[in-house]
Amino acid sequence: MPGFDPALELQRGSSISTVSYIDEPGQHDENPRPAVQMENTYQLGPVKRFPVLTVNNILKDVLTSYLQEEKYEAELCRQMTKTISEVIKARVKELMIPRYKLIVLIGIGQLSEQNNLRIASRCLWDPSSDTFASYAFKNSSLFAVANVYAVYFE
């Protein structure tokens with residue numbers, strides 16, 4: 001991109017995002033990004049808290065709109081997890097919450113007679129600034145769980 005300066009973009013609060021898929025071997029970046037030197041801001045906490053309730057509404061809206069009428073089909077759901085995670089990440093980034101790193105995890109499964117699935121996660125973080133949002137969706141054929149982890153980047 002002509003005129004693109006990563007250091008300037010980081011100062012403006014925008015970020016560069018990449019997506020990698022385990023199922024696409026051999027897709028490696030030939031030109032690694034140069035390390036960006038940034039000056040200390042001495043800001044130890046977020047100016048604006050991460051809006052968990054707003055993100056929960058985004059999760060509910062996206063999962064419902066994409067999956068309400070869908071029937072479970074393994075290959076379709078595999079693609080939908082990628083699409084839904086990108087849509088959620090884009091919608092959360094539109095909130096312009098500075099200095100938070102986002103991790104979006106989506107799981108879609110088939111409903112059956114024996115639904116005894118438990119999903120758990122552990123994170124090492126600062127409870128005063130880091131947080132998460134989660135939403136579970138279910139229709140007649142499938143279930144989905146969406147988690148967004150927001151980790152403050154000092």
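In this predicted model, three strands come together as an open sheet, and their order across it is β1-β3-β2. The pairing is antiparallel. At the edges sit β1 and β2 (131–138), each of which pairs on one side only. If you look at how neighbouring strands are turned against each other, the average is 10°, with direction ignored.

Let us follow one of those pairings. Strands β2 and β3 run antiparallel and are joined by eight bridges. Ala133 stands opposite Val148 in β3.

Helices accompany the sheet as well. Helix α2 lies across β1, β2 and β3, and runs at about 25° to β2. Another helix, α3 (residues 74–93), packs on the sheet and touches β1 and β3. The direction of α3 makes about 150° with that of β1.

Now to the aromatic side chains. How many aromatic pairs does a search of the whole structure find? The search finds five. Two of them are set out here.

| Pair | Distance between ring centres | Angle between planes | Arrangement |
|---|---|---|---|
| Phe50 and Tyr100 | 5.5 Å | 50° | tilted |
| Tyr100 and Tyr152 | 5.5 Å | 70° | edge-to-face |

Why is the pair of Phe50 and Tyr100 called tilted? Its planes stand at 50°, and an angle that is neither under 30 degrees nor over 60 counts as tilted. For Tyr100 and Tyr152 the angle is 70°, and planes over 60 degrees apart count as edge-to-face.

Both pairs reach across the chain. Phe50 belongs to the loop between α1 (6–12) and α2 (52–67), while Tyr100 is in strand β1 (residues 100–110), so this pair links distant parts of the chain, 50 residues apart. The pair of Tyr100 and Tyr152 also links distant parts: Tyr100 is in β1 and Tyr152 is in strand β3 (residues 142–152), 52 residues apart. Through such ring pairs, Phe50, Tyr100 and Tyr152 are linked into a cluster.

Are the residues of this cluster buried or exposed? Phe50 and Tyr100 are both buried, and Tyr152 is buried too. The relative accessible area is 9% for Tyr100 and 8% for Tyr152. Both values count as buried because the cut-off is under 20%.

One more ring deserves a look. Lys101 lies over the face of Phe153, and the distance from the ring centre is 4.6 Å.

Note on methods. Residues numbered from 1 in each chain as written. Predicted model: local features only at pLDDT ≥ 70, side-chain atom pairs only at ≥ 80, totals over all residues. Heavy atoms only, no water. Phe/Tyr/Trp six-rings, centres within 6.5 Å; stacked < 30°, edge-to-face > 60°. Helix = DSSP H or I, 4+ residues; strand = E, 2+ residues; numbered from the N terminus. Buried < 20%, exposed > 50% of the residue type's maximum accessible area, 1.4 Å probe, protein only. Lys NZ or Arg CZ within 6 Å of the ring centre and 35° of its normal. Pairing = 2+ DSSP bridges. Axes fitted to C-alpha atoms, helices over the stretch in contact; angles between N-to-C directions. Contact = heavy atoms within 4.5 Å.
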